[in-house]
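Reader: I would like to go through this model term by term. Please justify each label as we go.

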Amino acid sequence: MPIAITRPVPQSLARCELTHLVRAPIDVTRAADQHAQYETALGLMGCTVRHLPRADDLPDSVFVEDVALVLDEIAIVMRPGAESRRDERASVAAVLSEYRTLHAIAAPGTMDGGDVLRIGKTLYVGLSTRTNEDGAHQLARIVEPFGYAVVPVETRACLHLKSAATAIDDDRVLCNPEWIDETVFRRIETVAVDPGEPNAANVLRVGGQLLSAAAHVRTIARLRARGYRVHAVDVSELAKAEAGVTCCSVIV
């Protein structure tokens with residue numbers, strides 16, 4: 001049974017880092033309710049949810065994916081591109097050390113977990129405002145002994161690679177072709193989001209099930225028409241913090 005590591009919404013969420021969005025008021029109470037529904041959906045998808053303590057001094061701490069990457073053999077502690085997020089790492093690393101041997105990205109490398117998309121033994125790494133080439137090179141050196149290859153990917157107009165593309169099957173990705181050159185996914189089928197839902201490419205896959213933001217109704221319909229079981233959760237308040245559904249958990 002997969003374990004989903006999560007952390008509660010901090011009271012300071014309204015002070016989160018933003019790159020591509022204009023800051024808007026966030027109802028923290030509603031965001032916390034939506035996060036609880038997200039955790040319920042993870043349970044329905046077969047996950048055991050493990051909660052980290054709330055960290056009100058760290059506004060982005062609910063977005064745990066960005067500070068760690070978990071592979072079958074090891075886990076890598078990231079070095080987030082936003083300096084304000086680096087204190088999030090210790091508590092996540094302490095829990096992951098119970099399940100995996102830990103490695104880490106070091107200065108001057110930067111890397112957010114949201115910029116790493118795993119498909120089989122290939123790690124696609126978005127080069128974004130949060131992840132640099134040094135971080136990608138370090139990751140390649142760490143994972144090479146375990147048989148993984150790293151493919152750098154240029155992103156545009158989005159926060160992370162997983163804003164533009166996520167895996168929906170072992171050999172298929174959901175993507176927004178406006179934010180990424182989809183030809184980078186060689187021998188992998190790409191499914192485009194509905195053009196009116198640019199943020200819909202971010203879905204969380206657990207086994208044969210998908211979790212999507214409920215706002216992306218037309219893209220969800222496309223996925224269901226292809227036979228996917230899709231759980232839809234309202235994350236509208238979290239989305240004001242530039243969040244996607246993948247970033248609110250680390251799946252072990």
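The exchange below takes up a sheet, two cores, a pocket and a cavity.

Reader: What kind of model is this?

Author: This is a predicted model.

Reader: What makes β3 and β4 a pair?

Author: Two strands pair if there are at least two bridges between them. Three bridges join β3 to β4 (residues 74-77), so the rule is met. The two strands run antiparallel. One bridge partner in β4 is Ala-75, which faces Val-70.

Reader: Why are β3 and β5 called edge strands?

Author: The open sheet has three strands in the order β3-β4-β5, with mixed pairing. β3 (68-70) and β5 (101-104) each pair on one side only. Neighbouring strands are turned by 25 degrees against each other on average, direction ignored.

Reader: Which helix lies across β3, β4 and β5?

Author: Helix α3 (residues 133-143) does, and it runs at about 160 degrees to β4. Angles run from 0 to 180 degrees between N-to-C directions, so a value of about 160 degrees belongs to the upper part of that scale.

Reader: How do you know that Leu-13 belongs in the largest nonpolar core?

Author: Leu-13 is listed among the residues with the most contacts inside that core, along with Tyr-38, Phe-63, Leu-211 and Leu-238. Membership requires a buried residue, and buried means under 20% relative accessible area; therefore Leu-13 falls below that cut-off. Leu-13 touches Phe-63 and Leu-238, among others. The core has 27 residues.

Reader: Which element supplies the largest share of this core?

Author: α1 does, with five residues. α1 (28-44), β12 (204-206) and β13 (209-213) each supply at least two. A second, separate core has 17 residues, including Leu-69 and Ala-136.

Reader: What makes the largest pocket a pocket, and what lines it?

Author: A pocket is an open set of points, whereas a probe in a cavity cannot get out. This pocket has a volume of about 720 Å³. It is lined by 26 residues, and among those nearest its centre are Val-70, Arg-118 and Lys-162. β6 gives the most to the lining, with four residues.

Reader: Why is the space lined by Val-235 and Cys-248 called a cavity?

Author: A 1.4 Å probe fits there but cannot get out, so the term is cavity. Its volume is about 30 Å³. The count comes to one cavity of 30 Å³ or more. Leu-238, a residue of the largest nonpolar core, is also in this lining.

How values were computed
Residues numbered from 1 in each chain as written. Predicted model: local features only at pLDDT ≥ 70, side-chain atom pairs only at ≥ 80, totals over all residues. Heavy atoms only, no water. Contact = heavy atoms within 4.5 Å. Core = buried A, V, L, I, M, F, W, Y, C linked by side-chain atoms within 4.5 Å. Buried < 20%, exposed > 50% of the residue type's maximum accessible area, 1.4 Å probe, protein only. 1 Å grid on protein atoms, 1.4 Å probe; cavity = no way out; pocket = protein on both sides within 12 Å on 5 of 7 lines; lining within 4 Å. Points joined across faces, edges and corners; volume = space filled by probe spheres on them. Lists of a residue's contacts leave out its neighbours within four places in sequence.
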